[in-house]
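Let's take a friendly tour of this model, with a few stops at its cysteines, a buried strand residue and an internal space. Please have the structure open as you read.

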Amino acid sequence: MNVKISLPDGSVREYPQGVKGSDIASSISEGLARVALAIEVNGEVRDLARPIDQDASIKILTWNDKGGKSTFWHSSAHLLAEALEALYPGVKFGIGPAIDNGFYYDVDLGGRAFGEEDLVAIEAKMKELAKKDSVYTRRDVSKAEALDFFTKKGDEYKQELISDLKDGSITFYEQGNFTDLCKGPHIPNTGFIKAVKLLNVAGAYWRGNEKNKMLTRIYGITFPKQKELEEYLHLLEEAKKRDHRKLGKELDLFAFSEKVGMGLPLWLPKGTILRERLEQFMRKAQIKAGYDPVVTPHIGGKSLYVTSGHYEKYGKDSFQPIHTPDEGEEFLLKPMNCPHHCEIYKTRPRSYRDLPIRLAEFGTVYRYEQSGELHGLTRVRGFTQDDAHIFCRPDQVKEEFIKVIDLVLHVFKSLGFENYTAQVSLRDPENKTKYIGEDHLWERAEREIQEAADERGLKTVAVQGEAAFYGPKLDFMVKDALGRSWQLGTIQVDYQLPQRFELEYVGSDNQKHRPVMIHRAPFGSLERFVAVLIEHCAGNFPLWLAPDQIAVLPISERFNDYAKMVYEKLKEEDIRGLLDDRDEKIGRKIRDAETKKIPYMLIVGEKEVAEEKVAVRKHGQGDQGSVLLDEFVKNFRIECAAPR
């Protein structure tokens, strides 16, 4: 009996029932067979060695595929575990998944001290074991057999994991002398792993619970070629130089204070200028697009978020209610702006002629993130969203959605983000309890989002399980200058909150109807956007955004008066900067201005005073020659024009 196998190019081939992915790869080409790592069967990534017993659509996965990389790195986590067991007998294992870049394994080393020299030894052992070309073998086991194996081994972490599994769904994977509880998939053998680097060590509570034991989390990455590892390590070094936490401190943009609280950034004067320039840019674009500005409080009555559903979904994991002297009165720190905007909509009756209504707010919201998940500006507990909510008729949804797409793309183009993918974030069809609302409204919203994206010619990828609890969304995944992907900008279609808040408008038929709500935030959060922007441009902001645009540098104290006159004239022209009249050599002043990434340095000495000019240096480009001050201002104005 044969099975029909549909290939990515649309062709269909027949193979004997039980055919393996490796056999299919060989039948396509020997070159593909040599680099094949796994196979995707009807959307599920599997081992190449697993038989296919029924008709299926398949794709052979290589290193160039996301599923191929993930399988490669998960197999590398098992190789790490094998090396650890060889070097540290008695080590116990938690979990070892693949992550976006590489893998980690949580391990219990029994209190053993662990340092940098240990990582070097483990790397060497991994390379030694990889050369043995050990095959990754899958084996079905009963729950009793699995528990017996890890009970004899003395690994209570695996026993706990097994106790949560159903009998008949448990598999082991073996390679070399190592056996692990695992559902797979894995690459064919360890020989594919040619380059290894263990990156760092951190602490991690077992199963993410602070009441459990702290395990040692070892992070690593592997590649099929040594050259690729070297390129990645170079990228890591460049990323360290661009780290927004490092540059934020060096450029005096933001800070954190233990007394203020973890995850609550303090914007310093220069960072505030940067932030305000971004806000002004967005406000201007929003007014042009027909938005009305609103302002709402930082807190709201608990019942507001009970109505919206946010309390049910996030209440237990958020900041706890604020109790007032009045018995039973409770408020919450605002986790979202949308419930407040719903109440603004309800302040008076609405007609179909009023719609769409577009309400925009730079609203600060608060969410209690776990302390271990906080990270600079990218993961904070208080952040400001460039939030807006569009209330429209059902027949206006697609048109309004397309207008928001255009606004998001305008933002990306203006700030140099040219490489992006639009992700259509859908419900998880297997777990609909995570969401609110009726199926037909979800299906309609998902269809409208895809149609709008198609009409704008966006390259999209659909991802299940990433929707908001009240509706599907279009998330923009942006690649920065180092090729790293960030989620910036989101647009969501929501049929649920208008129902929950009983929003209405009177239609042309003089009957009451329910509006549709579109949530949108092109920046996402200002904090996260600024962090990504810093790392994307390495702190070299566009001239119109730079907190300090110029630095006036007198060669010596003799020229301070002229330098001050130049500085004051530039201030009158609304050009931001500083006057460095310190008693320092000009070389030191230039180096300091370069370090601060100030776009222009205007140097004044005897010749400049005599000719009423300034000697211009540009950051990273050096001497630009001497010009009259008015000429510099004129050219600066042209270059500094903010995007429209």
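## Cysteines without partners

A search for disulfides in this predicted model gives a count of zero. Cys-392 is one of the cysteines in no disulfide: the nearest cysteine sulfur belongs to Cys-342 and is 13 Å away. A disulfide needs the two sulfur atoms within 2.5 Å. Cys-537 is likewise in no disulfide, and here the nearest cysteine sulfur, that of Cys-640, is 15 Å away.

Are these two cysteines buried or exposed? Cys-392 has a relative accessibility of 0%, so it counts as buried. Cys-537 has a relative accessible area of 16% and is buried too, because the cut-off for that class is under 20%.

## Phe-391 and its surroundings

Next comes Phe-391, which belongs to strand β23, running over residues 382-392. Its relative accessible area is 0%, so Phe-391 is buried.

Which residues touch Phe-391, once its neighbours within four places in sequence are left aside? The contacts include His-341, Cys-342 and Tyr-345, and these three residues are also among the buried members of helix α12. Phe-391 is in contact with Leu-355, Pro-356, Ile-357 and Leu-359 as well. Leu-503, Val-516 and Met-517 complete the list. For a sense of scale, try Arg-245: it lies 146 residues from Phe-391 along the chain, and the C-alpha atoms of the two are separated by 38 Å.

## Helix α12

Helix α12 spans residues 338-345 and is mostly covered, with six of its eight residues buried. The buried residues are Cys-338, Pro-339, His-340, His-341, Cys-342 and Tyr-345. Cys-342 is worth a second look, since its sulfur is the nearest cysteine sulfur to Cys-392, while Cys-342 itself is in contact with Phe-391.

## The internal cavity

How many cavities of 30 Å³ or more does the model hold? The count comes to one, and the space in the largest cavity is about 70 Å³. Its lining is made up of Tyr-305, His-310, Tyr-311, Tyr-314, Gly-315, Ser-318, Phe-319, Leu-332, Leu-333 and Pro-335.

Two elements, α11 (310-314) and β21 (330-333), each give at least two residues to this lining. The largest share, three residues, comes from α11. By class, seven of the lining residues are nonpolar and three are polar, with no charged residues.

Technical notes. Residues numbered from 1 in each chain as written. Predicted model: local features only at pLDDT ≥ 70, side-chain atom pairs only at ≥ 80, totals over all residues. Heavy atoms only, no water. 1 Å grid on protein atoms, 1.4 Å probe; cavity = no way out; pocket = protein on both sides within 12 Å on 5 of 7 lines; lining within 4 Å. Points joined across faces, edges and corners; volume = space filled by probe spheres on them. Helix = DSSP H or I, 4+ residues; strand = E, 2+ residues; numbered from the N terminus. Nonpolar A, V, L, I, M, F, W, Y, C, P; charged D, E, K, R; others polar. Buried < 20%, exposed > 50% of the residue type's maximum accessible area, 1.4 Å probe, protein only. Contact = heavy atoms within 4.5 Å.
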